[in-house]
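User: I would like to go through the charged pairs here and see how the labels are justified. Please show the structure before we start.

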Amino acid sequence: MGSGTGARSRWAWLRAAAGVAVLGLLLWQVGTGPVLAGLRLIDGPALAAALGIGVLTTVCCAWRWWLVAGGLGVGLPMPAAVAHTYRAVFLNATLPGGVLGDVHRAVRHGRDVGDVGRGIRAVVWERAAGQAVQVLVAVVLLLALPSPVQRFLPVVTVVAVSVLLGLALVARLLPRRGSSRWARAVRATVADVRAGLLGRRVWLGVLAASVVAVAGHLATFLVAARTAGADAPLTRLLPLTLLALLAMGLPLNVAGFGPREGVAAWAFAAAGLTAAQGVATAMVYGALVLVASLPGAAVLLARRIDPSADGRGGAVGG
């Protein structure tokens, strides 16, 4: 137990150190001037836009979680889902790794309903659904709009689809009966996907919520780009910000900073803009996301003052 905990702790520190190293290298290359200039350009309209978009994306993510958790039989009231999601967004935006907020809400909800395992699986499947839709949207947009990766995307797409089909075939061939660990894992996965993602009253809402959430994140990135001084057409900026958004899925970051700035620097430079502008855009985006997550800080404070302030995750249908 101790060695496993120590290994996880070392890996967490390693990921944070990698994020700091990436960010430090970028700032050394482009200088702090463009970044500070971009941050100074953040004004009231940009902050208001970030807060408004943040409300939309957070409610969509909370609704997606509410649907998946309800499908898995560990539903929670929608107001509690929104509060927990806001708190998770704030923790993700302020702590290393970018996922600790989701871990917290998963474990907390699981304890509230008396089934930690199923509570964790609900968050895992909800996040997986969001990431899958984000990748799908990315493939469509990057194929349609000019970007540094457009010429490679057809081959990458074919390989990815082949791998997914292969994994699906392997999962179908694995034995589903018996008491082996693999058999139990396959049965649990199939049951979770059917009930939590593909249920008759679930899948369409999960898809709609995920698409709107991705659109909201992209809109915030475009606000950041305009705030940082990028005046290229939206059709040129959209694929670049989308690549930076995908980079946020990498775990090597500090409160979201790190790979996002690195990919933004490369993408902007490869598209004929400047690496400094890419870094500034990504840094402004991080600042706007932090501001948009501040209602989560209020949820944390309310929780400390009154432990029942954000609601208990009772078992209600989704």
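Analyst: This is a predicted model. A starting point is Asp 102, which has a relative accessibility of 8%.

User: Why does Asp 102 count as buried?

Analyst: Buried means under 20% relative accessible area. Asp 102 is at 8%, so the label buried applies.

User: What makes Asp 102 and Arg 127 a salt bridge?

Analyst: The closest N and O atoms of Asp 102 and Arg 127 are 3.4 Å apart. The cut-off is within 4 Å, therefore the pair qualifies. Asp 102 lies in helix α5 (residues 100-113) and Arg 127 in helix α6, 25 residues apart, and the pair links distant parts of the chain.

User: Why is Arg 127 called partly exposed?

Analyst: Arg 127 has a relative accessible area of 32%. Buried would need under 20% and exposed over 50%, so Arg 127 falls in between.

User: How do you know that Arg 64 forms a salt bridge with Glu 126?

Analyst: Their closest N and O atoms are 2.7 Å apart, which is within 4 Å, so the rule is met. Arg 64 sits in helix α3 (residues 44-71) and Glu 126 in helix α6 (residues 116-144), 62 residues apart.

User: Are Arg 64 and Glu 126 buried or exposed?

Analyst: Arg 64 has a relative accessible area of 3%, and Glu 126 has 1%. Both values are under 20%, so both residues are buried.

User: Which residues are linked in a network of salt bridges?

Analyst: Arg 64, Asp 102, Arg 105, Glu 126 and Arg 127 are linked in this way.

User: How many salt bridges does the count come to?

Analyst: The count comes to 8 salt bridges.

Notes: Residues are numbered from 1 along each chain as its sequence is written. This is a predicted model: local features need pLDDT of at least 70, side-chain atom pairs count only at pLDDT 80 or more; totals for chains, interfaces and linings use all residues. Side-chain values use heavy atoms; hydrogens and water are left out. A salt bridge is a side-chain nitrogen of Lys or Arg within 4 Å of a carboxyl oxygen of Asp or Glu. Helices (H or I, at least four residues) and strands (E, at least two) are DSSP runs, numbered from the N terminus. Buried means under 20% relative accessible area, exposed over 50%, partly exposed in between (1.4 Å probe, protein chains only).
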